[in-house]
Amino acid sequence: MIDDQDTGRALPERGVPAERVLREIRGLREGDRPTHGGRLFAYVYDPAVPGLDELAAAAHAGSAHVNGLDPTAFPSLLAMENALVGAAARLLGGGPGTTAPDVVGSVTSGGTESLILAVKAARDARPDVAEPRIAVPVTAHAAFAKAAHYLRVALDPVPVDPDTLRPSAADVAAAIRPDTVLVVCSAPSYAHGVIDPVADIAAVAEAAGVRCHVDACFGGWTLPWLRRLGAPVPPFDFAVDGVTSISVDLHKYAYAPKGVSVLLHREPGLRAPQYFAYADWPGYTMINPVIASTRSGGPIAAAYATLRHLGEDGYLRLAGSTRDAVAGLADAVRGVDGLRLMAEPESTVVCFTSVDPGLDLFVLVDELTVRGWHTQPQLTYGELPASVHLTVTASVAPRVAEFGPDLADAVAAARAAGPVELPPELTALAATLTPDALTPELVAGLAAGLGLGGPASGGPVAGGPADGGPVSGGPASGGLADGGAGAGGAVPDRTATVNALLNAAPPALRERLLVEFVGLLQRPTY
Ligand SMILES: Cc1ncc(COP(=O)(O)O)c(C=O)c1O
């Protein structure tokens with residue numbers, strides 16, 4: 001793949017012809033998971049619509065150098081942002097003729113940024129509260145924990161029922177304290193695809209005079225279409241009294257390229273504390289609605305092009321294919337003895353666990369990878385067992401018939417291989433070690449023992465666990481957990497052992513181990 005000593009150095013002594021640079025990037029990309037083809041169940045959202053990639057790429061290129069820093073200098077960007085916010089608002093129960101006619105919003109770089117800003121707006125709206133807190137169901141996305149950490153806001157976790165995987169409004173009410181500035185719910189949760197009881201939770205938040213954010217980053221662009229197709233989707237948007245803000249990611253089920261989410265507020269006063277403004281220096285007055293200051297117009301233009309090209313009829317059609325794919329995958333899971341759906345699918349997630357001690361989910365994930373299916377393992381959490389997560393997109397529909405037989409095959413192979421058996425001393429170590437006791441030597445020893453090396457010398461690491469993984473979503477990190485072989489040779493093909501070890505460790509140790517492992521991969525190449 002890498003055909004020259006010099007390849008992989010970002011700054012060669014002499015410039016390299018464009019064609020060759022593109023060839024090199026294509027070569028590096030060969031080590032990545034397949035972003036198209038309907039066999040990757042995390043990280044990417046593929047509608048498999050011919051010509052859409054080309055359209056989005058052209059729109060992206062045409063606005064890539066436009067700067068969102070100043071909307072008056074680049075009115076094209078302002079116009080496209082306002083149109084995206086309007087489309088999202090209308091889809092989610094806001095805009096003219098609704099009970100939320102004054103909805104406003106901002107385009108952010110992704111779900112995490114939208115959630116951080118929802119927390120910032122709630123925090124800064126309450127300068128009277130010295131130590132602000134947010135009440136967050138344990139199934140809500142990890143980005144709320146990140147927001148709490150970045151913004152120095154305390155996070156009060158709300159338990160979920162281990163059967164329904166939902167928080168109760170009563171538990172949310174119990175978590176609300178005088179210093180609570182925001183209550184959160186998901187529509188649906190990422191891990192299991194379950195929609196929280198939004199109306200009940202918003203009601204207790206409203207009664208307490210607290211903002212309520214609905215994280216519809218994942219489902220905000222599917223649930224409305226699924227409802228139009230007849231699915232029994234409960235109220236979750238601005239039609240619900242007490243919902244003050246909603247996030248929806250366009251780079252998920254709106255099928256736009258990465259880098260676009262929308263954060264909506266019921267009215268402008270709720271959004272005002274989200275802005276950062278600064279005039280107390282000799283340069284330009286900075287007025288930022290979002291975290292970034294300079295922002296590329298590329299993702300916004302690409303999202304605008306994607307929405308306009310697909311249109312409502314396109315999204316309805318894609319939601320129909322996705323719904324059928326979800327039903328087919330869920331049937332395949334139901335057809336295997338020893339597997340159990342974590343929840344009946346109510347959105348676009350299929351999530352299952354093993355009820356057979358002889359069937360190790362992490363081994364199954366590896367066996368599925370060998371058969372070309374890239375799934376996402378989720379580690380044990382409290383009373384919730386380890387599980388396998390499938391984010392289902394429209395591109396999966398034509399592949400569904402192949403999944404059932406491959407799943408049955410993979411299950412048979414996983415049973416034959418038997419569960420991962422960690423050396424007892426390693427299991428004991430994982431269960432008892434505290435993050436502080438982790439020395440660089442211990443981490444390096446563990447990494448070597450598990451087959452996780454540093455980057456291969458001479459070449460950049462592509463496709464390693466750092467890609468889209470641990471920090472952002474997957475419990476065990478994207479690459480580490482889902483069996484990816486890094487192009488740099490740093491990650492083993494089979495990762496059941498790594499996942500078994502992480503699964504035996506408490507969350508704080510998992511975090512620390514993964515930070516260290518990923519840190520080993522993220523080293524400069526010279
Ligand atoms: C419900 C939910 N919220 C937030 C996020 C974070 O989004 P991003 O990865 O775009 O930052 C995700 C990502 O999967 C999600 O599913």
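**Exercise 1.** What is the mean pLDDT of the chain, and what percentage of its residues reach 70 or more?

*Solution.* This is a predicted model, in which local features need pLDDT of at least 70 and side-chain atom pairs count only at pLDDT 80 or more, while totals for chains, interfaces and linings use all residues. Residues are numbered from 1 along each chain as its sequence is written, and side-chain values use heavy atoms, with hydrogens and water left out. The pLDDT (the predictor's confidence in each residue, from 0 to 100) has a mean of 91 for the chain, and 91% of the residues reach 70 or more. Over residues 481–489, however, the pLDDT is below 50. Where pLDDT is low, the predicted coordinates should not be read in detail.

**Exercise 2.** Determine which residues surround the ligand and which side chains approach its polar atoms.

*Solution.* Step 1: the shell (residues with a heavy atom within 4 Å) includes Gly110, His141, Tyr190 and Lys252. Step 2: helix H4 (residues 111–124) gives the most to this shell, with three residues. Step 3: a ligand nitrogen atom is 2.7 Å from a side-chain N or O atom of Asp215. A ligand oxygen atom is 2.8 Å from such an atom of His251, and an oxygen atom of the ligand is 3.5 Å from one in the side chain of Asp249.

**Exercise 3.** Is Thr393 buried or exposed?

*Solution.* Step 1: Thr393 lies in the loop between strand E13 (387–391) and helix H12 (400–417). Step 2: Thr393 counts as buried because its relative accessibility is 2%, where buried means under 20% relative accessible area, exposed over 50% and partly exposed in between, with a 1.4 Å probe and protein chains only.

Terms used: Helix = DSSP H or I, 4+ residues; strand = E, 2+ residues; numbered from the N terminus. Contact = heavy atoms within 4.5 Å. Polar contact = N/O pair within 3.5 Å; in protein donor to acceptor, adjacent residues only side chain to side chain.
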